[in-house]
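Here's a quick tour of a helical protein's packing, written for someone who likes to look at the atoms. Load the model and follow along.

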Amino acid sequence: MSRQEAPQNDHLEYLELSAFKGKFDITDFIGHASEKLIAESKANNGPFDPKPFIRSFEAAVDKLISVRKDVQAKTEQMEKTVRVTEREYSKKMMELAKGFENVGNSFNGMESRMNEVSSTAVRIGDQLETVHIERQRAQAAYDLIDFYNQFSKGDTTRLDVLRKEGRAGRRQVAVILRRLNTVAKEVDLPNSDKTREAIEKYCEKFEKEMLNLFDRCYRKGDPKMMHHCAQTLLEFNGGASCVQVYVNQHDFFINNVRDEPAPTDNLLWSIIADPNTSPPKTEAGLTELFAEIRATVDTETQIVKAVFPNPPVVMQVFLQRVFAQSIQQHMEQLLHRGSEISDLAYLRILQLVHFQASALVEDLKAHELPHSSSKTPYEVTEFRRSLTGSAPVTTSSTSAAISTMLETAMEELFVPYTEGQRYMERECKSLALLYSNLLSNFVRFHKSQKAKSSMFDRMVNQISAATTNTTSNGGSTTSGQAAAALMRFGVINSDRNNDKANEEPIREEDGLLSVDVAETIPKNTSTLLRVLADAIGTSYVDSALESAQVRLEAADTKSEPSLQPLAIVRTVDLICHLWQQYVNIALLPLASSSVTIRREMVVFNNLTVNRMETGSNAVLQRVTDAIINWLSAQLTKQKRNDFKPRNDDLSFARVNTEPCVLCCETLERVRDAAKQNLSGKNLEMFLTEIGIGFHSLLLDHLRKFPVSATGGLMLAKDLKSYQDTVSSFGIPALHERFEFIRQLGNVFLVRPEILKSYITENYLGRIDSSLLKPYLSLRSDWGQFEKGFDSEANADEAIPGHGLKDRFGRLSVMMKELEGLKVDGISMGIPTSFSGTFSRPFSSNPT
C-alpha cells in the first residue's frame with residue numbers, strides 16, 4: 001500500500017489547481033505525470049509493466065475530476081459573487097450619480113450663498129455706515145454733554161470762540177444750541193433749572209444776533225449773507241422768525257398803508273346799483289392792487305429762491321399774508337361800500353372780486369417752487385431723532401404745495417360771505433327788493449287809495465289843514481287853537497305831513513296796470529326756464545344719450561349687444577315727465593300775466609322735450625339695429641345639413657337647433673329688458689320693430705337650406721319656438737306674421753299629393769305660388785313632382801279669377817298686403833322711428 005500511495009503523492013503536485021494556472025500544455029502535463037514511471041520502467045530489465053502507468057493515470061483522472069468539481073463549484077461561487085458585486089456596483093454607481101447631482105446642487109447652493117454673501121456684504125457696508133453715523137452721534141452726544149456741563153458752570157467760552165469762527169462756526173453753534181435746548185428741557189438734575197435758563201438766554205441772544213445780522217444784510221442787499229442767516233436760523237429753530245422778519249419788513253406791506261386813498265372808479269359806483277346794466281368786470285383799485293401783487297410775486301420768487309433754503313414755505317407765508325391783509329382789506333372796503341348802496345351792488349362787488357381773485361390765483365400758480373432741503377451733517381445726525389426715534393423737527397419732508405395753499409386762501413377769503421345760507425339769503429333779499437322797487441309806485445298808489453277810506457286819516461288831514469290855515473292867516477279860531485294844541489302836545493305827529501311832503505308825489509298813472517311792468521317779472525321766469533333746460537336737457541340728459549350712442553357705435557359686433565341703454569331711455573322718460581310737471585306747476589303760472597312770454601316758454605319747452613325724445617329715439621334705433629345684427633349673426637351658425645340629417649334617431653333626440661336656441665334666448669332677454677324699461681307705445685313699437693326685423697331675417701334664412709322629411713320636423717320645431725317666443729311679446733301685429741312663417745315651414749312636411757291644396761289655403765293661399773317656389777324647391781323630393789306641380793300651376797293661372805300674380809310682384813308686396821290685416825285697430829306697418837310718447841306736448845294757447 002505504501003508503494004501505491006507513493007506514486008499518487010508524487011503526482012499530486014501536478015494535479016493541484018495552481019499547476020493549471022498560467023500557460024498550460026497537455027504534453028508537458030503528461031510528461032511530468034509519467035516521467036518517473038518511465039524512468040523506473042527503464043531501470044527494470046523485465047518486460048514492460050503497464051499497470052503502474054494505468055494506476056497512475058487512473059489516480060490522476062480521479063484527481064482531475066475532483067479538481068474540476070472544485071473549479072466548477074468555485075466558478076459558480078465566483079459567478080454569484082460577481083452578480084452580487086455587479087448589483088452592488090450598479091447601486092454604488094447610482095449613489096455616485098446622486099452624489100454628483102448633490103454636488104451640482106451644492107455648487108448651485110454655494111453660488112446662491114455667494115450671492116447672499118455679497119448681499120450680506122452690502123448690508124454690512126450699510127451697517128458699517130450706520131455704525132459710523134452712530135459713532136458720529138455718540139461724539140455729538142459727548143460734545144453736547146460737555147457743552148451742557150460748561151453751561152452749568154457758567155462757562156460759554158468755547159461756544160463764543162466757535163461763534164466767531166465765521167459762517168461754518170455759526171451754523172455749528174446753531175445746531176448745538178438747538179440740541180442743548182432740547183436736552184435742557186428733558187434733564188431733571190439738581191441746578192438743572194439754572195442751567196436751562198442760561199441756555200435759553202444764550203439761545204435768545206444768538207437768535208437776536210442772527211436776526212439783526214439778517215436785517216442788516218437785507219437793508220444792504222447782500223443775498224449771500226441773507227442766505228447764510230436764513231440757513232443758520234433754519235437749523236436753529238426752523239427759521240420761522242427769519243421768515244416773519246422778512247415778510248413783516250417787506251416794502252409791499254409797508255407801502256400798502258397808503259397816504260393817498262385808492263383810486264375810485266366813479267363810473268362803476270354810479271351804475272352798479274342799476275339792475276338794467278351789465279355787472280361790472282373790473283374795479284380800478286382792485287385791478288391796480290392785483291397788478292402790483294403779480295409784479296411783486298414775480299420778483300419775490302427769484303429773491304426767495306436765492307435767499308431761503310426752503311423757498312416754498314417762505315412763499316406760502318408771503319402769499320398768505322397777501323391774501324389775509326392786502327386783498328381782504330380792500331375786499332372788505334369794496335363790500336362795505338357796496339352794501340351801503342344796495343344788496344345788488346354788494347352781490348355784484350362780491351362776484352367781481354371772486355372773478356378777479358380767481359384769475360389772480362391761476363396766475364400765481366405758475367410760481368410753484370420745487371422743495372429743496374439742506375444735506376448738512378448736522379441735520380443728518382439730528383440729535384433728537386437719534387435719541388427718541390422721532391422725525392426731524394427742522395425741515396418738512398414734503399414740499400409746500402403753493403397751488404393748494406392758494407386754493408385754500410381763495411376759499412377762506414369768501415367763506416364769511418358764502419357759508420351756510422348767507423349768500424342765498426342775500427340773493428333772495430336782493431331779488432325781492434328789485435321787484436319791490438319795480439312795483440313801489442304801484443303799491444304806494446293803492447295803499448294811498450286804501451288810506452283815504454280811514455276815518456282817522458280824514459280827521460288828521462282836517463286838523464292839519466286847520467293848523468295850516470291858522471298859521472298862514474295869522475288869525476285865531478277855536479278849531480285852529482285846538483288843532484295847534486294837539487300838534488304841540490304830540491297827540492298828532494306833525495312829521496307825518498313832512499314825510500309825505502318829502503316823498504315823490506303819487507300820480508294817477510302809477511296805479512294803472514301796465515303790460516310793460518307785468519312782463520318784466522315773467523321775462524326772468526323765461527330766463528330761468530332756459531337756464532334749467534340747459535342744465536337738465538343739454539348738460540345732463542343729452543350728454544347721457546350721446547354717450548350711450550357712442551358706446552353702441554363702438555361696441556364689438558361679434559359680441560351680444562348690451563341692453564343697458566334701455567335703462568337710460570327709461571330714466572330719460574321719467575325725467576321728461578317730471579320736467580313737464582315742474583314746468584306746468586312751477587314755471588308757467590309765473591308767466592300767466594304775459595301771453596307772449598308764456599307762448600315763447602311753451603314753444604321753447606316743447607323744443608327741449610322734443611330734443612330729448614329725438615335723442616331717445618336715436619338710442620332705441622341703435623339698440624334695435626344692434627339686436628337685429630346679432631340675431632342675423634346667430635342664424636349664420638345654422639349648419640348646411642341641420643334640416644337634412646343622416647341619423648334620424650339623433651335628430652329626434654335634439655329639440656331645437658343651436659341657432660334657434662340662441663335666437664330665442666336673445667329674444668327673451670330683449671323682451672324682459674324692454675318690458676322692464678319701456679312702456680306704452682314705446683314698448684309696442686320697439687318690440688314690433690324687433691319682431692318685423694327678425695321675421696325678414698327668417699324669410700331670407702329659409703331660402704338657404706335644403707330640407708328632408710326628417711329635417712322638416714326639425715324646422716317645424718324651430719319655427720314653433722320662434723313663434724312662441726315672439727308671441728310672448730304680446731304684440732298682435734306680429735302674430736299673423738309668424739303664423740305665416742309657421743305655415744311656410746309646414747310645406748316641407750305635407751305629402752306631395754296634397755301640397756298644391758295646402759299652399760292655396762290660409763295665409764299661403766294669398767301668395768302667388770311662383771313666390772313660394774324658391775322655398776318648395778328646397779324639398780328633398782322636389783325633383784320627383786316638380787313637373788306635375790308646374791303644369792297644374794300653369795293651368796290654374798289660366799283660369800279667370802286667379803289674378804294674385806298681378807297683385808303680388810314680390811314677397812315684400814305680399815307682406816304689405818298682410819299688413820292691411822288689422823287686429824284690434826293696430827296696424828302691422830313697420831315703424832320708421834319710435835313714437836315720441838315720453839310726454840304730452842304743450843298747447844300754445846294759454847289757459
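Helices here are DSSP runs of H or I with at least four residues, numbered from the N terminus. With that in hand, note that this is a predicted model, and that the protein chain has 34 helices and 0 strands.

**The overall picture**

Of the 847 residues in the protein chain, 36% are buried. Take the contacts with a separation of 6 or more: 78% of them are between residues 24 or more positions apart. On the outside, the chain exposes about 49800 Å², with carbon and sulfur atoms supplying 54% of that.

**A patch on the outside**

Let's start at the surface, with F100, which is found in helix α3 (residues 51-152). Is F100 buried or exposed? Its relative accessibility is 63%, so F100 counts as exposed, since the cut-off for that label is over 50%. F100 also has partners: together with Y89, M93 and L96 it makes a nonpolar surface patch of about 450 Å².

Helix α3 also holds S66, which is partly exposed because its relative accessibility is 33%. Along the sequence S66 and L15 are 51 residues apart, yet their C-alpha atoms sit 9.9 Å apart in space.

**Two cores**

Now for the inside. The largest nonpolar core has 79 residues, and F686, F694 and Y722 have the most contacts inside it. Which helix gives the most to this core? That's α24 (residues 595-635), with 13 residues. There is also a second, separate core of 76 residues, and I176, C203, V322 and Y346 are among its members.

Y722 deserves a closer look. Leaving out residues up to four places away in sequence, Y722 touches L635, P659, C660, C663, C664, F694, L698 and F738. Two of those names come back when you look at rings: F694, Y722 and F738 are linked into a cluster by ring pairs.

**Aromatic pairs**

How many aromatic pairs does the structure hold? There are 6 of them. Two are set side by side below.

| Pair | Centre to centre | Angle between planes | Geometry |
|---|---|---|---|
| F214 and F308 | 6.1 Å | 50° | tilted |
| F643 and F705 | 6.3 Å | 85° | edge-to-face |

Why does the pair of F214 and F308 tie together parts that are 94 residues apart in sequence? F214 lies in helix α6 (residues 192-220), while F308 is in the loop between α11 (284-307) and α12 (311-341), so the pair bridges that stretch. F214 has 1% relative accessibility and therefore counts as buried; F308, at 3%, counts as buried too.

The pair of F643 and F705 links distant parts of the chain as well, with the two positions 62 residues apart. F643 is in the loop between α24 and α25 (648-653), and F705 is in the loop between α27 (680-701) and α28 (709-727). Both of these rings belong to buried residues.

**One more loop**

Last stop: S679, in the loop between α26 (658-677) and α27. Its relative accessibility is 44%, so S679 counts as partly exposed. S679 and D573 are 106 residues apart along the chain, and their C-alpha atoms are separated by 9.6 Å.

Conventions
Residues numbered from 1 in each chain as written. Predicted model: local features only at pLDDT ≥ 70, side-chain atom pairs only at ≥ 80, totals over all residues. Heavy atoms only, no water. Core = buried A, V, L, I, M, F, W, Y, C linked by side-chain atoms within 4.5 Å. Buried < 20%, exposed > 50% of the residue type's maximum accessible area, 1.4 Å probe, protein only. Contact = heavy atoms within 4.5 Å. Patch = residues over 30% accessible without salt bridge, like charges linked within 9 Å, V, L, I, M, F, W, Y side chains within 5 Å. Areas by Shrake-Rupley, 256 points an atom, 1.4 Å probe, with all protein chains shown as cover. Salt bridge = Lys/Arg side-chain N within 4 Å of Asp/Glu carboxyl O. Phe/Tyr/Trp six-rings, centres within 6.5 Å; stacked < 30°, edge-to-face > 60°.
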